Amino acid sequence: MKTNNIKNLLLVGALMLISTLGFSQDTMAPLAGVEDTKEYKTIDLIYMDKDLSIFANLLTLSGLDASLKMTDKEHTLFVPTNEAFKYMTVNKFAELTNPKNRAMLVKFVNNHFISSKIESYRLTGTKILDLGGENKIEIAESGNTTFIGGAKVIASNIETANGLVYVVNDLVNISE
């Protein structure tokens, strides 16, 4: 049992290291290399940017990538950069990616998803986005900068064939 835990920690550590070192951030804006983002579904678009690979991998591990690929219903996805995950401990990442904790991973990914298209102008002046149930995302503004669930928006209104993508510099925190 202890050997399996050590193996899992080493595997998760290696995944984080490869994702952050192998796909280190450069000076290009997120998804800047994609000419017409409207031609791609949300999930396909985020797979195109190496700086969004950790979240893309978490979508795959959760199984929610298939749902995003099949849906034509408009939605909004707040995608953290790889850099955002550096604040998560290795143990927390290992717990999140452990197959036994799939429900936790699905909840984590869903915290970055809204089932409707939310353009940035709708965030101005808005203080709370209601995710349904008791979950809410706090919106804050400072000058020309918007924060969604504590995460700074670094790219907004990236239109896709089935919704919008916002790239954020941190993990989105949900208020309950």
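This is a conversation between a visitor and a guide about a predicted model of a protein.

Visitor: How many helices and strands are there in the protein, and what pattern does it follow along the sequence?

Guide: The protein has 6 helices and 7 strands, and, read along the sequence, they follow the pattern α-α-α-α-β-α-α-β-β-β-β-β-β. Of its 176 residues, 39% count as buried, and among the contacts with a separation of 6 or more, 66% are between residues 24 or more positions apart.

Visitor: What makes helix H3 largely enclosed by the rest of the structure?

Guide: A residue is called buried when its relative accessible area is under 20%. In H3, 7 of the 10 residues are buried, so the helix is largely enclosed by the rest of the structure. The buried residues of H3, which spans residues 53–62, are Ser-53, Ile-54, Phe-55, Ala-56, Leu-58, Leu-59 and Ser-62. Just after H3 comes Gly-63, with a positive phi of about 85°.

Visitor: Why are H3 and H6 called oblique to each other?

Guide: H3 and H6 pack at an angle of about 135°, and their axes are 9 Å apart. An angle has to be over 145 degrees to count as roughly antiparallel and from 65 to 115 degrees to count as roughly perpendicular. The angle of about 135° fits neither of these descriptions, so H3 and H6 are oblique to each other. The contact is made by Phe-55, Leu-58, Leu-59, Leu-61 and Ser-62 of H3, together with Arg-102, Leu-105, Val-106, Phe-108 and Val-109 of H6, and H3 passes H6 in a left-handed crossing.

Visitor: Why are H5 and H6 called roughly perpendicular to each other?

Guide: The axes of H5 and H6 come within 7 Å and cross at roughly 105°. Since angles of 65 to 115 degrees count as roughly perpendicular, H5 and H6 are therefore given that description. Where these helices meet, Lys-92, Glu-95 and Leu-96 in H5 face contacts with Met-104, Leu-105 and Phe-108 in H6.

Visitor: How do you know that the buried residues of H5 are on the same side of the helix?

Guide: The buried residues of H5, a helix of residues 90–97, are Phe-93, Ala-94, Leu-96 and Thr-97. They cover an arc of only 165° around the axis, which puts them on the same side of H5.

Visitor: Why is the aromatic pair of Phe-78 and Tyr-166 called tilted?

Guide: A search of the whole structure finds 3 aromatic pairs, and Phe-78 and Tyr-166 form one that is 5.3 Å centre to centre, with 50° between the planes. Ring centres have to lie within 6.5 Å to make a pair, and planes under 30 degrees apart would be stacked, while planes over 60 degrees apart would be edge-to-face. An angle of 50° falls under neither heading, so the pair is tilted. Phe-78 lies in strand E1 and Tyr-166 in strand E7, so the pair ties together parts that are 88 residues apart in sequence. Phe-78 and Tyr-166 are both buried.

Visitor: What makes Phe-85 and Phe-108 a tilted pair, and how do you know that Phe-85 and Phe-108 are buried?

Guide: The ring centres of Phe-85 and Phe-108 are 6.3 Å apart and their planes make an angle of 55°, so the centres satisfy the limit of 6.5 Å and the angle is not over 60 degrees, as edge-to-face would require. Phe-85 is in the loop between E1 and H5 and Phe-108 in helix H6, 23 residues apart. With the cut-off for buried at under 20%, Phe-85 counts as buried at 1% relative accessibility, and Phe-108 is buried too, with a relative accessible area of 12%. Ring pairs link Phe-85, Phe-93 and Phe-108 into a cluster.

Visitor: Why is Asn-157 called partly exposed?

Guide: Asn-157, in strand E6, has a relative accessible area of 33%, and because buried means under 20% and exposed means over 50%, a value in between is called partly exposed. Asn-157 also has a positive phi of about 55°, although it is not a glycine. Most residues other than glycine have a negative phi.

Visitor: How do you know that Leu-31 is buried?

Guide: Leu-31, in the loop between helix H1 and helix H2, has a relative accessible area of 6%, and the cut-off is under 20%, so Leu-31 is buried. Its phi is near 60°, a positive value in a residue other than glycine.

Definitions and conventions:
Residues are numbered from 1 along each chain as its sequence is written. This is a predicted model: local features need pLDDT of at least 70, side-chain atom pairs count only at pLDDT 80 or more; totals for chains, interfaces and linings use all residues. Side-chain values use heavy atoms; hydrogens and water are left out. Buried means under 20% relative accessible area, exposed over 50%, partly exposed in between (1.4 Å probe, protein chains only). Helices (H or I, at least four residues) and strands (E, at least two) are DSSP runs, numbered from the N terminus. The arc is that of the directions from the helix axis to the C-beta atoms. Rings of Phe, Tyr and Trp (its six-membered ring) pair if their centres lie within 6.5 Å; planes under 30 degrees apart count as stacked, over 60 as edge-to-face and the rest as tilted. Axes are lines fitted to C-alpha atoms, for helices over the stretch in contact, and angles run from 0 to 180 degrees between N-to-C directions. Angles under 35 degrees count as roughly parallel, over 145 as roughly antiparallel, 65 to 115 as roughly perpendicular and the rest as oblique. A crossing is left-handed if the near helix is turned anticlockwise from the far one by less than a right angle, and right-handed if clockwise. Contact means heavy atoms within 4.5 Å.
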